[in-house]
Amino acid sequence: MSEFWLKFKNIIRSEFNSGNPWIHSGVFVFVLTLLCLLTNTSLHVMGVDISEFISLFYGLIPLLLRDLGGVFASSYAFFVGAAILSLGPDFSEWKHGKNIRIYKIYLILSSVLFLLFCGSVSEYPQVYGEFFYYRHSWMVGFLYFITDHFSPFFFKSVLFLFLVVQVARTGLAFWKSKSYISLIRYSVFIILFYSFHLLGSAWGVLVASAFYSFDIQFSRSKKDLAFIAIALFGFGFSFFNRAQENRAVSKEVLEHSSNTNVLIISADSIRQDQLGFVKGEKDKTPNIDRLASESLVFRDHHSTIPRTFPSWADFLSGKYSFEHGIQDMFPDREDRSKLGNSVPTLPGILGKSHRTYVVSSFAGDIFPRANWGFQNVYAPNFSAETLTQQRTIESQVFFLPVLTGTFFGGGEYLSSIRSLPSLGDDSRILTDLFSVFDKKDRPFFALYFSSVTHFPYSPPYPFYKNTDPSYYGPSKYFRFVDPSNSEKPDKREQEQIRSIYSASLTAFDFSVGKILEELKRRGLYDDTLIIFTSDHGESLFEEDHSHGHGEHLRGEGVTKIPLIIKFPKSFERKETRNFKGITTSLDLFPTVLSTLGVPTNPELSLHGRDLTKLPKTDIWPEDRSVYSETGIWFSDRGDHFFQKDRIRYPNILELHTIDPNDGNSVTVSDPYAKETVLFSKHRMLQTGTKKLIYIPSPNGVVYTCYDRISDPWNTKPLPASYCGDLQRKLELLLIGSGKWKKAGDYFLPKSEL
């Protein structure tokens, strides 16, 4: 045995001294992984310090170790391939017994990494926000220098030219020496390496590098070699173009089928009053404005709940959260069981006549977690495994440039890269949507949900430059929301936060333009019902409303969202106009079915109205009222107004559980906690002119009433009697649903919830 180990050590020493790129790439990646682990490990999640809850994460250590191993393996595979490609003729000479100078390998790898890092930082500075602001603030000047003076194109161009020179030198050397077999092998390596890189397949990249590095013997005939080259190219190409369908599409067709496509274009946290045509700013959202000019625009549209998961459940089912069961962001299996089963959804109903898709990035992690009825889901999941991999990825900043696609696209080696809250760039997911347009067998029902406007706000280059160039502070590129922090930033900081939100909205508008252009180019625009909307709005430090969404119902910022409907050309309702009557996201369910000619089942008991049947005037003939409620409070701290008068329950990190039998889902599943959350919610009923908010507090129920016209930000409460009619309607709605009962003035969830 000792003789074996002696021989093994001699081989390793010999290979090390010869400059073996496989060994030195491993050393390079190992050192970087260890350094990042020691210097970048953070107990911040989306900017919130969770160090006091660290004991909750001890059980996740095996997942963290597994994820760290996955990052190491993926980064090793990439950097081995990059080293072989970048070494040029030196690598082919090493294969024939000539040593490579060791410093040259590390110099090349470091240079490639530096160019990738700078390119990624200049394109996505918000991805590195925690690195520069929370962990290594001494380097923030370097961040500003890169983003102020360079574009991503500069660093990519330098890297591209370097690689072109090295590839040309290697190819020329093979040609001059008449080593045609080596030239073919080298060409196949480049094709396979880049194809697998675009796929984000670490094993594929590793196999491609091994194929070229180690002379696997084939027949020497040119015929056989040509066959092998073509076969390998076809193998890589077939993977590159592989179908991404998650499920087989049913061939059944509804009796009332329609050739009309349905496209819902949406982004998280869009406020209606922030759009260009509403603000009177022509250059802010020109593509959305153009769509609005060709559509029916609703000027007083509201979300039923300013949290993403229950908001989309309301939209796609036409029912309130207490009816379909998803009432917060962390529903367990019991909460999710009705959706798509006893509670029909739009994609479920239309799935027999349409191909149904949802395309999203991190804000759409709700869609793999419930039975929405989509046949194809292009969105990341959310679970304990996703969180641990996400934290591991964020700490290993040397590999982030590869994962963000700085090496000429691709690079999604780890699935959780789409879950990064700081990487909401639409260009990463638009190709998934455009692939939906390619298939012609049946019309499509597609939901496109962008994350770029969700905090921490992530406008990529060049959109993040649409802010004050003289501002250099913690909100220059992004803004996290800490629900426990009630301190209000100074006026300049607030303006910058609004500005980076606005830049995100402009970035999303650019993507809307691409989507509409693609529909027109393919001849689909006229035959597509297009709905533009959002899940909820956003508070941006108006009055005492703080920042974020879901915690309160005051003002017009958190529930008032855009609604633009562009009907297909064949539909009888063709006029474009502004409708000023109040509407709700529940109205979209019957509106879509009506437009497609699908009859509504009377048993659905829908609360929404069919917006294809509007009155001739711009308002409802009666004083219509719509309902909204708050989400779950993530924190029990802070001096916010909504924290002072509410039923308190623990911080969300103390409420949640991880269910290993449910894909390690993160849920609120304790029955007492769930009932407390529902009991504590603020609830609202509003008309076009006034608003009533129900606030259960430890000292009794408080009703606040506001005039929406003269007091849009709800700073001057009116006597509760002014909203007495709304109070009676709210009670009728909740008690009449059969899901609530009265205990004094409080509304209590019935036990079956």
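This passage walks through a predicted model of a protein, from its overall build down to single residues.

Let's start with the whole chain. The secondary structure adds up to 26 helices and 21 strands. Laid out along the principal axes, the C-alpha atoms take up a box of roughly 90 × 55 × 55 Å. How does the radius of gyration fit with a compact globule? For 753 residues, such a globule would come out near 27 Å, and the protein has 28 Å, so the two agree. Burial can be counted too: 59% of the 753 residues are buried. The accessible surface is about 30900 Å², and carbon and sulfur atoms make up 59% of that area. As for how the chain folds back on itself, take the contacts with a separation of 6 or more: residues 24 or more positions apart account for 74% of them.

Now for a pair of helices. Helix 3 covers residues 61-87 and helix 10 covers residues 202-213; their axes come within 8 Å and cross at roughly 35°. The crossing is left-handed. Which residues make the contact? On the helix 3 side they are Ser74, Tyr76, Ala77, Phe78, Val80, Gly81 and Ile84, and on the helix 10 side Ala202, Val205, Leu206, Ser209, Tyr212 and Ser213. Sorted by type, the residues of this contact come to 9 nonpolar and 4 polar, with no charged ones.

One of those helix 3 residues, Phe78, turns up again in the surroundings of Val402. Val402 sits in helix 19, which spans residues 400-403. With a relative accessibility of 1%, Val402 counts as buried, because the cut-off for that label is under 20%. Leaving aside residues up to four places away in sequence, Val402 touches Phe78, Leu116, His197, Gly410, Gly411 and Tyr413. Glu412 is 10 residues from Val402 along the chain, and their C-alpha atoms are 8.0 Å apart.

Another buried spot is in strand 3, where Ile264 is found. Its relative accessible area is 0%, so Ile264 is buried. What does Ile264 touch, not counting residues up to four places away in sequence? The list is Trp312, Phe315, Phe445, Ala446, Leu447, Tyr448, Ile531 and Thr533. Ala73, on the other hand, is 191 residues from Ile264 along the chain, and 39 Å separates their C-alpha atoms.

Strand 3 comes up once more with helix 20, whose buried residues pack against strand 3, strand 5 (355-360), strand 6 (376-378), strand 7 and helix 21. Helix 20 itself runs over residues 430-438, and its buried residues are Leu430, Asp432, Leu433, Phe434, Val436 and Phe437.

For an exposed case, look at Lys580. This residue lies in the loop between strand 12 (577-579) and strand 13 (583-584). At 54% relative accessibility Lys580 counts as exposed, since that label applies over 50%. Lys580 still has contacts: setting aside residues up to four places away in sequence, it touches Arg299, Asp300, Asp618 and Ile619. Asp300 is 280 residues from Lys580 in sequence, yet their C-alpha atoms are 5.8 Å apart.

Finally, a few backbone oddities. Most residues other than glycine have a negative phi, and most peptide bonds are trans. Two peptide bonds stand out here as cis. The bond from Phe455 to Pro456 is cis, with omega near 20°, and so is the bond joining Tyr461 and Pro462, where omega is about 0°. Where do these prolines sit? Pro456 is in the loop between strand 7 (444-450) and helix 21 (491-521), and Pro462 is in the loop between strand 7 and helix 21 as well.

Two serines show the phi exception. Ser269 is not a glycine, but its phi is positive, at about 65°. Ser269 belongs to the loop between strand 3 (261-267) and helix 12 (276-279). Is Ser269 buried or exposed? Its relative accessibility is 0%, so Ser269 is buried. Ser546 also has a positive phi, near 65°, without being a glycine. Its place is the loop between strand 9 (539-540) and strand 10 (547-548). Ser546 has a relative accessibility of 17%, and because buried means under 20%, Ser546 counts as buried too.

Terms used: Residues numbered from 1 in each chain as written. Predicted model: local features only at pLDDT ≥ 70, side-chain atom pairs only at ≥ 80, totals over all residues. Heavy atoms only, no water. Axes fitted to C-alpha atoms, helices over the stretch in contact; angles between N-to-C directions. Helix = DSSP H or I, 4+ residues; strand = E, 2+ residues; numbered from the N terminus. Left-handed = near helix turned anticlockwise from the far one by under 90°. Contact = heavy atoms within 4.5 Å. Nonpolar A, V, L, I, M, F, W, Y, C, P; charged D, E, K, R; others polar. Buried < 20%, exposed > 50% of the residue type's maximum accessible area, 1.4 Å probe, protein only. Rg over C-alpha atoms; globule rule 2.2 N^0.38 Å. Areas by Shrake-Rupley, 256 points an atom, 1.4 Å probe, with all protein chains shown as cover.
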